Amino acid sequence: MIKLGIIGTGGMANAQAQNFSKIKNVEIVAACDIVDEKVKDFAKQYNIPKTFTDIDDMLKKAEIDAVSNVTPDAFHAAVSLKIIESGKHILCEKPLATNYTDAKKMADAAKAKGVINMVNFSYRNSSAIQKAHEIIEKGEIGRVMHVDASYLQSWLSSKGWGDWHTRTAWLWRLSKSHGSLGVLGDVGVHIIDFTSFPAGKIKSVNCKLKTFHKAENDKIGEYNLDANDSAIISVEFQNGAIGTIHTTRWATGYQNTLELRIFGDKGAIKINLDKAYDKLEICCGENIDKSQWKTIDCGKTPNIYERFINSILTGQNDQPDFARGAEIQKILDACVESDETKNIVEV
Ligand SMILES: NC(=O)c1ccc[n+]([C@@H]2O[C@H](COP(=O)([O-])OP(=O)(O)OC[C@H]3O[C@@H](n4cnc5c(N)ncnc54)[C@H](O)[C@@H]3O)[C@@H](O)[C@H]2O)c1
C-alpha cells in the first residue's frame, strides 16, 4: 500500500482525491493546505486521517511514501523541491514551474534523489492521444507535415465554472504577480504537450500573447489582471513539419475543448476530446482520394494517477516525467520571449 499526502486542497485536489481513491494500492493518509478550514473540510470529505497547514511539518511527521503537489503554479518549484529533498516520490501539477530554470532544477533534483517523478499533463489520460503517438511512430501517416491544434475555454465570458470576478482560484490565474503565465501556462502547457507528444519535438516558435481589458483599472483587489488570455503560436517541429497551436479563455460556446489535427504525406489523424477521449479519426489509404475518415476505437490507457502509483510499485518511471515537464517549460519560455521580442525563437 502506497501512503500518499496531498498538498494544496483546492479545486484540482478534489479531482486527484477522487482518482486516487479508485486505485487499490494507494491510501491518502495526509493533506496539507495553508488554509486550515480548507484542509479540514477536504480531509473530512475524503476520510483523510491527518491534516497539516505547514509543509515541513507534514513531510517530517506524516508517514508517507509519496506526495502530490496541487498548489497554485507559483508554489510548484519551492514545494516540489522540499518534497524531493525529503525523499518522497512526487506527482506535481502542471505547469511544472513558472520558468525553465526552476523546472530544470526540479527535474535534476528528482533524478539525483532517485524518486519517481511525474507531471500531471492529464490529457495524456486520453487513449486517443496514446494511439496517435503510436500511429505516427509506426509511420502510418507518413512524414508529418502540418499540424493544427487548439485548446478553447470560456470562463472569462461565461459563468460555467463560477464567476471569475470573485473566485480566487480564477483570479490567481489572471495575475502575473501571483505566478501565473496566463492561458499559456495554464492550459497552453497542456495543448503543447498534447500536440508535440505525437507530432514530434518543437524546434522554434513565433508567438503572440494578448491580455484583454476586463475590469476597472484591470485590477480586482490584490490581483492585477495582467496575465495573457489568448495565445497564438506558429511552430516548426524538429522533423520539418509546421503548425499552429492556439488557446484562449474567451472562446464563448466552448467550455473545455481540445482539438488536434496532424497531416502527413500518407494520411492524417484528428482528435476532438469533446467527442471522445478514446476515439480518433484517420484518413489514409484508399480513403485519401475520397477525403473519408474512419473512426478508430483506441481502448483504454492508464491515467496519470495509475501510472504514478505503478511507477512507484515497479520502480520504472513512466511518462510524462519532470524532464518532459521541463522540456515543455522551455517552450513556454520561448513563447514569452518570442512575444516580447516579436521574433521567431529557437527552443
Ligand atoms: N492537470 C489539470 O488538468 C489541472 C486542472 C486544474 C488545475 N490544475 C493545476 O492544479 C494546481 C491547483 O489548481 P486549483 O485549481 O486546484 O487551484 P485552487 O486555487 O483551487 O487551489 C489551490 C490550493 O492550494 C492552497 N495553497 C496555496 N499555496 C499553498 C502553499 N504554499 N502550501 C499549501 N497549500 C497552498 C490554497 O489555499 C488552495 O486551497 C495549479 O497548478 C493548476 O494549474 C491542473
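Trainee: In which loop does Asn47 lie?

Mentor: Before we go in, this is a predicted model, where local features need pLDDT of at least 70 and side-chain atom pairs 80 or more, while totals for chains, interfaces and linings use all residues. Residues count from 1 along each chain as its sequence is written, and side-chain values use heavy atoms, leaving out hydrogens and water. Helices (H or I, at least four residues) and strands (E, at least two) are DSSP runs numbered from the N terminus. On that numbering, Asn47 sits in the loop between α2 (36–45) and β3 (50–52).

Trainee: And what is the phi of Asn47?

Mentor: Asn47 isn't a glycine, yet its phi is positive. The value is about 55°.

Trainee: Which residue does Lys94 join through a cis peptide bond?

Mentor: Look in the loop between β5 (89–92) and α5, where Pro95 lies. With omega about -15°, the cis partner of Lys94 is Pro95.

Trainee: What is omega for the cis bond joining Gln319 and Pro320?

Mentor: You'll find Pro320 in the loop between α9 (304–314) and α10. For its cis bond with Gln319, omega is about 0°.

Trainee: Are α5 and α10 roughly parallel or antiparallel?

Mentor: The axes of α5 (residues 100–113) and α10 (residues 322–341) come within 8 Å and cross at roughly 170° (lines fitted to C-alpha atoms over the stretch in contact, with N-to-C angles from 0 to 180 degrees). Their contact (heavy atoms within 4.5 Å) includes Tyr100 and Met106 of α5 and Phe322 and Asp333 of α10. Angles under 35 degrees count as roughly parallel, over 145 as roughly antiparallel, 65 to 115 as roughly perpendicular and the rest as oblique. The pair is therefore roughly antiparallel.

Trainee: How do α6 and α8 run relative to each other?

Mentor: The axes of α6 (residues 127–137) and α8 (residues 182–199) come within 7 Å, crossing at roughly 30°. Among the residues in contact are Ile129 and His133 of α6, plus Phe194 and Pro198 of α8. That crossing makes the two helices roughly parallel.

Trainee: Now the ligand: how far is Ser122 from an oxygen atom of the ligand?

Mentor: Ser122 is among the residues that come nearest, out of 26 around the ligand (a heavy atom within 4 Å). His76 offers a side-chain N or O atom 2.8 Å from a ligand oxygen, and a backbone N or O atom of Thr71 lies 3.2 Å from one. For the polar side-chain atom of Ser122, the distance is 2.7 Å.

Trainee: How much of the ligand's accessible area does the protein cover?

Mentor: On its own, the ligand has 860 Å² of accessible area (Shrake-Rupley method, 1.4 Å probe). The share covered by the protein is 88%.

Methods
A polar contact is a pair of N or O atoms within 3.5 Å; within protein, one must be able to donate a hydrogen and the other to accept it, and residues adjacent in sequence count only if both atoms are side-chain atoms.
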